[in-house]
Structure formats: structure tokens, C-alpha cells
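Here are a few short exercises to work through with the model open in your viewer. Try each task before you read its solution.

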Amino acid sequence: MRKRRHVTRAVLGAVSAAVLGVAGCDAVGGNSPAPSGTDARSARPSPKPTPTWDRSPASVAAVGDSITRGFDACTVLSDCPEVSWATGSSPEVNSLAVRLLGKAKAAQRSWNYAVTGARMADVPGQMAQAATRRPELVAVMAGANDACRDTTDAMTSVADFRAQFEDAMGTLREALPKTQVYVASVPNLMRLWELGRTSPTGKQVWELGICPSMLSDPDSLTTLANQRRETVRERVEAYNEVLEEVCDKDRRCRFDDGAVYDFRFGVQQLSRWDWFHPSVDGQARLAEIAYRTVTN
């Protein structure tokens, strides 16, 4: 899949470079006849490639779930949007919006429509809200809650996940055909289990019902428990393939190539209250990944 990503990027880059700009006005004035044939071609200015991606959008909206709301990053069981990787104002995070716009403009030209607990089915509605602001970039991070269900059978199917994300993109495109989209991959939930299971506090919090499909019975290494976790891991990877494939069909969409999924979160990047959501430091790492994807 990684090889295909790079091939796709190369093909898209080649196509973008081949797109020609609109030819200039006639170079002849007065009553002189207009040139034709070879003379006409030489009289026009050289065509310039038309860029399809703006590395410095002037406004940012964010949609998604609790990660984008900064949940459990500042205080227990509370949103903390000021440390959001996407639109937060915290200097410790240096969010995507602040990196792109500067702190003053980010306060006026960025909006966060993510909702704690949201799944991909909720993203089309969030997109519709974001579209009312007419942002030049929409940042998307959703899918963890589709995998974090009471049981693996309750996880969102891959087909439904695809249809819902396509609906979200269609909702945005109907209102804003030229708005750019950054899509973050779904984090590696297996990695979070590997880290958090070493913390007695983390395991106690998990018993309250945080991502039970992956985190229930964290110390169990039975075949059944391992199969359950592997099923969740495979579903998250399937979600990420969907995000990539749908995004690749849109010339103004960029997927992070699995950078969030591949990032090896350490204990410093996890909330000290739930050992699941990103800490302030974790939010800063997500902002770095997003900014790198948008500006490269």
C-alpha cells in the first residue's frame, strides 16, 4: 500500500505539472492583422502550470472527534480545544492553524466543529457546518470511534465507513468545490494498548469503558483476546485505506500517507488521565504531521 501511495503522488504531480495556463491576449495592436500559425504560437506568452494545491491557505476549519477537541489533554473528562492540533491557540501545541496563519489570524480565521464521541457518520453534518465559514482548508480526523465500540461486531463496517466519508466529501464539494482538505489517518489503537497496559492507573480508567473493543481485559493474552485486538487493528487499517482511496479521487485532498497511524506515541504523548487521548505534547506532534503534509 505504501508503494502505491508514492506512485499515486508521482502520477498526480505529473498531471498537475502538465496542466497549462490560459493563453494571453493578442500581442498585436492597431490595425495590424492578427498572427496565425507559427507566428501566432510564438506571439503568445509561455503557458504556466496551474497549481492545484495551495501551501498557504488563509483559513482553516476542523472536523472530527475528541482528539480534535483536545479531550483529556488539560483536565479530566473535558474538552480542551485551545490545545487542539488543528485549531488550538496554545503555544505549546503550535496548531496547524497557527503555523499556517499566525496566532492573530488563526484566532479569527479558524473554526473547530469536531465533537467528542463523533464517528464518521457525523462528519457530513460537521462538514456542512464548516462550509458555512467558507474555509480554504478543512482538516479531518475521524474513525477511531468507529473502531472503538463495545464489541468488534459493533464496529462500523468498511463499506459504511466509505459511504459516510464519501458523503462528507460530497457535502463539502457541493458547497465549496475549491476548498482543500487534509485527511489524517486513524491512530494505531494497538499501539495505545501496548503503552497503556503498563500503567495501573490507565487500566483502571479503561475499565470505565474507553475503547472496549481494543482495551477491555488489557492484561489478557489469551488467543481470544489477541484475536479481538487484531480484528480492531485490521479494521483501522481498512479505514485508512478508505481514507486514502477516497482522498486520492479529489485533486484538492491530501491524505497523510498513514503518518498518524505510523507515529509511535510514547507515554509523554498520552493523556495522564486516560492513557488513550493525546496529551498536549501528543497534540503538538499531530500538528507537526498535519503541517508537514499541507506544506510539502
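**Exercise 1: Around Leu189**

Leu189 touches Ala144, Ala147, Cys148, Cys211, Met214, Val232, Val236 and Phe276, leaving aside residues up to four places away in sequence. With this predicted model in view, find out which residues have the most contacts inside the largest nonpolar core, and which helix gives the most to this core.

*Solution.* Start with the core itself: the largest nonpolar one has 78 residues. Leu189 is among those with the most contacts inside it, together with Trp85, Tyr182, Val183 and Phe276. Next, look at the helices: α11, residues 223-248, gives the most to this core, with seven residues.

**Exercise 2: The sheet**

Work out the strand order of the open five-stranded sheet and name its edge strands.

*Solution.* Going across the sheet, the order is β2-β1-β3-β4-β5, and the pairing is parallel. At the edges lie β2 (110-112) and β5 (253-255), each of which pairs on one side only. From one strand to the next, the twist averages 15°. Now zoom in on one pair: β3 (residues 137-141) and β4 (residues 180-183) are joined in the parallel sense over four bridges. Here Ala139 stands opposite Tyr182 in β4. Finally, α11 packs on the sheet, where it touches β4 and β5, and its direction makes about 150° with that of β5.

**Exercise 3: Asn188**

Decide whether Asn188 is buried or exposed, and find what its side chain reaches.

*Solution.* Asn188 is found in the loop between β4 and α8 (189-196). Its relative accessibility is 19%, so Asn188 counts as buried, the cut-off being under 20%. The side chain of Asn188 reaches the backbone nitrogen of Met190 at 3.0 Å.

Notes:
Residues numbered from 1 in each chain as written. Predicted model: local features only at pLDDT ≥ 70, side-chain atom pairs only at ≥ 80, totals over all residues. Heavy atoms only, no water. Core = buried A, V, L, I, M, F, W, Y, C linked by side-chain atoms within 4.5 Å. Buried < 20%, exposed > 50% of the residue type's maximum accessible area, 1.4 Å probe, protein only. Helix = DSSP H or I, 4+ residues; strand = E, 2+ residues; numbered from the N terminus. Contact = heavy atoms within 4.5 Å. Pairing = 2+ DSSP bridges. Axes fitted to C-alpha atoms, helices over the stretch in contact; angles between N-to-C directions. Polar contact = N/O pair within 3.5 Å; in protein donor to acceptor, adjacent residues only side chain to side chain.
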